[in-house]
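Work through the exercises below with the sequence and the model at hand, and try each task before reading its solution.

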Amino acid sequence: MKTTTRLLLIALLSLPMLAACNKEAEKPAVVDAPLSAPKTSDEAAWGDYLSDVIKRNANGATNLYGYTLPAPDSADFQGSYDRQLEAATGGVSRGGVEGTIIAFGSPSSPKSADLAVSAFSVAQPASMKGVVVLFIGDTADSARVEAAVVPSGATYRFVQVK
């Protein structure tokens, strides 16, 4: 009888703790609102924006390569462009691995499109199967990036800068 009473008392005392645990588990996950594109050419703000867009479009990717440029009026734009082009061209020329996302974005959509088109000019046909190429820019630049990417076998995704 004493054992049964003690077990009932323990069960009654632990019910509030179990109820609290269940309430925490029932709370929905909080999802941050998407960032808006900066209205200025602030590199840090653009970096945050592009990172947010890329994360939202990663969809379980195992590898991620982002090629971003500063604004064309920045101090070392041409040097940045040349370094990013060398890195992107080298990666594309080696071919792709399934589960990889290659993202291009910049405060200047035409310059980012130039970078993507130039990088994919060295791609071998069907060498990027299983790779997703994400272009973050303006609708006016999307078609020429898509035309450069599709022959490689990569899946093309476009996100309009908002």
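**Exercise 1: a pair of strands**

Describe how strand β1 and strand β2 pair.

Solution. Strand β1 (residues 63-68) pairs with strand β2 (residues 100-105) in the parallel sense over six bridges, where pairing requires that DSSP finds at least two bridges between the strands. Within this pairing, Leu64 has Ile101 of β2 as its bridge partner. Together with helix α3 (residues 77-94), β1 and β2 make a right-handed β-α-β unit; right-handed says that, with the strands pointing away from the viewer, the path from the first strand over the helix to the second runs clockwise.

This is a predicted model, in which local features need pLDDT of at least 70 and side-chain atom pairs count only at pLDDT 80 or more, while totals for chains, interfaces and linings use all residues. Residues are numbered from 1 along each chain as its sequence is written, and side-chain values use heavy atoms, with hydrogens and water left out.

**Exercise 2: the two faces of a helix**

Determine which residues of helix α5 (residues 139-149) are buried, and why they lie on the same side.

Solution. Asp141, Ser142, Val145, Ala148 and Val149 of α5 are buried, that is, under 20% relative accessible area (1.4 Å probe, protein chains only), whereas exposed means over 50%. These residues are on the same side of α5 because they cover an arc of only 130° around the axis, taken from the directions from the helix axis to the C-beta atoms. The face turned away from that buried side carries the exposed residues Ala140, Ala143 and Ala147. Among the elements that cover the buried residues of α5 are α4 (109-120), β3 (132-137) and β4 (155-160).

Methods
Helix = DSSP H or I, 4+ residues; strand = E, 2+ residues; numbered from the N terminus. Contact = heavy atoms within 4.5 Å.
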